[in-house]
Structure formats: structure tokens, C-alpha cells
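Biologist: I have a few questions about the fold and the domains. Please take them one at a time.

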Amino acid sequence: MTISERAFHRRLFLRRGTALGFSIICITATLLAIAVLGVLLVQVASKGLDRVSWDFINSFPSRNAGDAGIKAALWGTLWMMAITAIVAVPIGLGAAIYLEEYAPRNWLTSVIQVNISNLAGVPSVVYGLLGLALFVRAIQLERSVLAGALTMALLVLPIIIIAAQESLRAVPNSIREAAYAVGASRSQMVFHQVVPAALPGVLTGVILALSRAIGETAPLITIGALLFVPFTPHSPFDKFTVLPIQIFNWTSRPQEAFQQNAAAGIIVLLAVLLTMNSVAIFLRNRFQANARG
Amino acid sequence: MGIIQPPVTRSVSRIKPRGQLEARLRNTREAAVTGVLFLCAAVSVVTTAAIVLTLLGETVSFFQDVSPIEFFTGTKWTPLFTPAQYGVLPLLAGTLLIAICAAVFAVPLGLITAIYLSEYAPRWLRAIIKPMLEIIAGIPTVVLGFFALTFIGPDIVKPLFGTSQIFSALAASLAVGIMIIPLISSLSEDAMSAVPLGLREGAYALGATKYEVARRVVVPAALSGIIASFILAVSRAVGETMIVAIAAGGTPNLTWNPLEAVETMTAYIVQISLGDTPQGSLEFRTIFAVGMTLFVMTLAMNIVSQYLLHKFREVYE
């Protein structure tokens with residue numbers, strides 16, 4: 001073996017070693033990210049699982065940690081999600097349809113498009129400041145469910161629009177051409193053919209957007225949702241609290257018993273979110289299967 | 001891709017001419033639908049305008065009482081005490097400290113995860129890991145805040161650094177890091193997947209190892225997309241609220257030591273919103289001035305990030 005051959009082999013050995021080392025680093029890093037999720041779940045479960053019971057779900061908050069529950073928070077979350085969905089879904093879908101199917105290619109359209117991407121990156125607490133100034137003070141909705149839901153609707157709107165746009169874009173052009181070929185007008189083409197074809201994708205996006213809204217806390221604190229609410233809302237104008245705020249409230253107390261309540265609240269919140277995400281993934285898979293077949 | 005236009009039907013339908021009234025009705029209906037849809041799209045522009053006007057209006061009225069020079073150069077933030085001082089630097093430093101620590105932790109992990117998913121992982125493993133990362137991305141931040149306060153702080157930061165504090169910037173920034181890892185990995189992976197296969201094949205044909213292909217070919221080719229994901233992640237970390245409100249402490253602190261308690265701009269907004277500061281007072285208006293600073297910072301980062309992504313797409317898509 002000549003010297004240069006030996007040098008080559010040494011270098012090859014080093015290169016292969018680096019490659020192997022790097023692939024091990026890669027796997028470790030990826031597993032670390034997953035392990036964090038595992039630790040988080042175990043940690044929360046070990047703290048809070050004992051507290052999760054029907055009484056916990058069906059009791060109002062209390063000074064006594066053992067009697068406290070999440071009834072008000074759960075109902076507040078339900079109310080808020082319902083109103084948020086009613087407001088944000090039609091507007092978001094409408095905006096997406098306009099941008100994908102109607103909008104002429106001009107400066108106004110690109111301004112709207114860029115603007116939507118920018119809105120998606122605005123910190124949620126800034127939406128809270130907007131909600132405070134606009135809905136709570138200017139329109140005088142006070143600290144009501146409606147004010148919270150409208151704020152949340154603005155927050156999730158860009159997410160819904162972007163998701164809906166993507167699924168509208170995935171609808172093949174042949175469907176549009178076929179609809180025109182049998183004499184459909186543009187709105188007939190859009191609402192009878194394209195939107196139904198894109199619906200599973202749109203629904204997935206809506207569910208993911210709403211699951212983001214369920215977990216949001218900061219904007220609602222900013223508009224002044226209350227920390228201690230011993231009642232359920234009966235109209236959109238009632239005061240309210242939501243699950244993440246209840247969790248935040250318990251987390252910020254030093255007593256161990258309240259920390260356990262917070263963990264139990266987190267378990268309920270994560271269960272709700274996991275259910276919603278599963279539905280979204282199920283819809284997406286069905287949609288992909290349909291699109292292929 | 002342009003929008004497909006409906007065919008002009010007037011001259012074609014010779015067999016049964018469309019009634020004029022019917023045609024007019026149809027046109028009116030079409031115009032109405034277009035108008036309503038346009039209004040939906042306009043909501044987003046109105047939202048932006050409302051955010052800017054709200055923040056700007058309140059900030060201008062704030063600056064009539066407090067000089068911008070004091071706001072941007074003062075090193076004490078004590079709006080609720082006498083003498084009240086309005087120097088935003090401690091909040092800014094807290095925000096940057098947490099964002100930087102989170103990035104130091106999350107950028108390498110996120111990037112390596114992305115490389116693994118894009119270049120190494122077999123398909124079945126990707127199918128498991130990607131949804132898990134999506135789940136991490138979907139964890140509400142209040143939950144991560146709880147995790148930072150009850151686990152990362154006492155069980156990781158305390159034993160590792162021997163501190164005695166409950167709150168620290170480090171614990172909060174580790175949790176923020178967990179939050180932005182999925183963002184970095186999924187956006188960077190998208191960028192790497194968009195790199196044409198031919199580039200990789202060329203490198204392999206020259207005898208490169210997998211690591212060399214990843215480091216010398218794929219990552220440089222996807223660099224603008226990867227950097228865009230970093231910037232977006234830092235912008236998300238700057239705007240993150242609940243984790244820092246729970247775990248970072250609530251004391252404005254001009255420090256670069258991550259083991260101390262700090263307060264960020266977002267956490268300050270939460271603190272004032274929770275307190276009983278009367279609305280409309282100067283103290284209360286501080287949150288709009290702080291919010292404006294936050295908004296401008298994140299907007300600038302998002303615009304840079306989008307510009308980079310746009311450039312990247314021009315090259316490969």
C-alpha cells in the first residue's frame with residue numbers, strides 16, 4: 001500500500017466515521033424532541049390524573065382546591081368556540097374562495113395575500129390589545145363571551161384562510177372546466193363543484209384553527225376575561241372564563257393542591273385537543289384516499 | 001396559474017336564447033356573490049388597519065406624556081411605582097434574552113431533526129415522527145408554562161446550575177424552545193424537500209457520504225428557506241406570552257444572566273391586564289406602547305422571513 005493510498009483510506013475512514021456519528025446525532029436529537037413530549041405527558045398525568053373525575057368536571061371553582069372544578073371554564077370554552085366558529089368559518093372560507101377563484105391578479109389581491117401571511121405571524125397578545133380597544137371599549141361589549149369570541153375569530157381567521165386556500169388550490173382544474181362546459185356560472189361552479197370537493201381539507205383546517213383557539217390564553221386575559229367565575233354563561237353578553245385561563249389561575253398559585261388542579265385541567269384540555277386533532281387527521285387521510293382513488 | 005374564466009355563452013346558445021331578464025338576474029347574482037366574497041377577504045386588511053391604528057393611537061397619546069427618548073433609552077421600568085419610570089429596555093432585554101436562549105436550544109435541534117426527517121428517516125418512521133411534532137406544536141402554551149414551572153425549573157435548571165430561584169429566564173426559554181422546535185423542523189424540512197433530487201444524486205455519484213450530501217449540498221441549497229424558518233421561530237419566541245408569564249418571573253430586570261428572573265414585553269401586558277390598573281390611565285396605556293414595540297419587532301422579522309422564503313421558492317419551484 002503506498003502512502004497516498006493509506007492516506008486515502010484514513011480519510012475515507014474518517015469520512016465514514018463522521019457520517020455515522022452524524023446519523024447518530026440526528027436520531028438522538030429527533031428522539032429528544034419526542035422524549036420531551038413523553039416527559040411532559042407523564043409529568044402532567046402523574047400530578048393530575050387523581051383529580052380528574054366527574055366532580056372535577058362538574059364543579060365551579062372554589063377557594064378550597066379539593067372542591068374546585070372546571071364547569072364554568074368548560075362551558076365558557078364551549079360558548080366561545082361556538083361563536084368563534086360561527087364568525088370565523090364563513091368569513092375565512094369566503095376570503096379563501098375570493099382569493100383562489102375570483103380575485104383578479106392585481107396589486108390589491110397581492111396586498112390582501114401578503115397581509116394575510118403577516119397577520120398569521122402577529123403575536124396573539126397583540127390581538128388581545130386590538131380586542132380590548134375595539135370590542136371591549138369601542139363597541140362596548142365589556143368583558144363578554146362575544147368580545148372574547150370576536151377577538152379569537154380575528155386571531156384564527158388567517159389560519160382558516162390559508163388552510164382553505166390550500167385545499168381549494170388542490171381541486172383539479174378539470175372540475176372547473178367541466179362545470180363551465182355544462183353552462184354553470186362562476187358561482188355555481190364554485191359552490192356546487194369546487195367547494196364540496198375541497199370541503200374535507202377545509203374542515204381539517206377549521207378544526208386545527210379551532211384547536212389553536214381553544215388553547216389560546218393571552219388575548220383573552222388581555223381583553224379582561226375573569227380569573228374566578230362561579231357561573232356558566234347564558235348569553236353571548238355574559239362574563240366568562242375558559243379552560244386555559246382556569247389552568248393559568250391555578251398554576252400561578254403556590255399551593256401544591258392547586259398545582260394538581262392545574263394538571264387535571266391540562267389533562268382535560270389535552271384530551272379535548274387530541275380528540276379534535278384525531279378527527280382532523282382522520283379527515284385528512286380520508287381526503288387523501290379519495291383524491292387518489 | 002391564472003383563474004379560469006367562465007366561457008361567454010351569449011353567442012353559443014342559439015337554440016334557445018336566454019331570456020333577457022334571466023340573464024340580468026344571473027349577472028346580478030354573480031356580482032353580489034363576488035361582492036360578498038370580496039368583503040370577506042377585506043376583513044383581513046381591515047384587521048391589520050385596526051391593529052395599526054389602535055396601537056398607534058394609544059402609543060401617540062402615551063408619548064405625549066412620556067418622551068420617546070425616555071421610553072427607548074431608559075433602563076428602569078417601574079410604571080406602577082413612584083417615581084414612575086418608563087424605560088422599556090429591561091423588558092426588551094428580557095424578551096431578547098428569552099428568545100435568544102430559546103433559539104440557541106431549538107435551532108440546532110430543529111435543524112438536525114429536519115435533516116434527519118428529510119435525508120435519513122425511512123418513510124414509516126417519518127409517518128410516526130411528523131404527527132408527534134405536530135402534536136408538540138399544538139400543545140397550548142399555558143401547558144408548556146406549567147411544564148416549565150413545575151418540571152424544567154425545579155428538576156432541570158435547579159440541579160444543573162444550583163440556583164435557588166423558582167423563576168428563571170432559562171426555564172422559560174427552554175419551554176419556548178420546545179414550542180419552536182416543531183416550527184423550525186417542519187419549515188426547514190419543507191425547504192430541504194424542495195431541493196431537487198438531481199443535486200443529491202450528483203453528489204452521491206461523486207462518492208459523497210450521506211452526511212456530506214446533507215451538509216455540503218442540501219443545507220446550502222435550502223439555506224434561505226432554513227434561515228427563514230429560524231427568523232420565523234425567533235419571531236414566535238418574541239411574541240410568546242403564557243410560558244414567560246408563568247415561568248420567567250415578573251420583575252423587569254436588565255440582565256443577560258439567564259438564571260435570573262426577567263419580565264418580557266408580552267408578560268408585562270398580561271401582568272397589567274390581570275391587575276386592577278384603571279383603564280385609560282397612563283399606567284394602563286403603557287401596554288399599548290409596549291404592544292406597539294412588540295408588533296413592530298415581530299412584523300419586521302416576519303417580513304424578512306417571507307422575503308427569504310419567496311426568494312427560495314423562485315429558485316426551486
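Biologist: Among contacts in chain A between residues at least 6 apart in sequence, what percentage join residues at least 24 apart?
Modeller: This is a predicted model. Two residues count as in contact if their C-beta atoms lie within 7 Å. For chain A, with pairs at least 6 apart in sequence taken as the pool, the share joining residues at least 24 apart is 76%.

Biologist: How many helices and how many strands are there in chain A?
Modeller: From the N terminus on, the elements of chain A run α-α-α-α-α-α-α-α-α-α-α. The count for chain A is therefore 11 helices and zero strands.

Biologist: Why is chain A described as more spread out than a compact globule?
Modeller: Along its principal axes, the C-alpha trace of chain A spans about 85 × 65 × 35 Å. For 293 residues the globule rule gives 19 Å. Chain A is more spread out than that rule describes because its radius of gyration is well over this value, at 25 Å.

Biologist: What percentage of the residues of chain A count as buried?
Modeller: A residue is buried if 20 or more other C-beta atoms lie within 10 Å of its own. Of the 293 residues of chain A, the share that counts as buried is 49%.

Biologist: How many residues of domain 1 of chain B are in contact with domain 2 of chain B?
Modeller: The domain assignment of chain B gives domain 1 as 1-65 and domain 2 as 89-316. Their centres, taken over C-alpha atoms, are 37 Å apart. Eight residues of domain 2 of chain B take part in the contact, and from domain 1 of chain B the number is eight.

Biologist: Which classes make up the side of domain 1 of chain B that touches domain 2 of chain B?
Modeller: Sorted by class, that side of domain 1 of chain B has two charged and two polar residues. The remaining class there is nonpolar, with four residues.

How values were computed. Residues are numbered from 1 along each chain as its sequence is written. Chains are lettered from A and ligands numbered from 1 in the order in which they are written. This is a predicted model: local features need pLDDT of at least 70, side-chain atom pairs count only at pLDDT 80 or more; totals for chains, interfaces and linings use all residues. Domain bounds come from an automatic or database domain assignment. Ala, Val, Leu, Ile, Met, Phe, Trp, Tyr, Cys and Pro count as nonpolar, Asp, Glu, Lys and Arg as charged, and the others, Gly among them, as polar. Helices (H or I, at least four residues) and strands (E, at least two) are DSSP runs, numbered from the N terminus. The radius of gyration is taken over C-alpha atoms; the globule rule is 2.2 Å times the number of residues to the power 0.38. A residue is buried if 20 or more other C-beta atoms lie within 10 Å of its own, exposed if 12 or fewer, and partly exposed in between; C-beta atoms are placed from the backbone.
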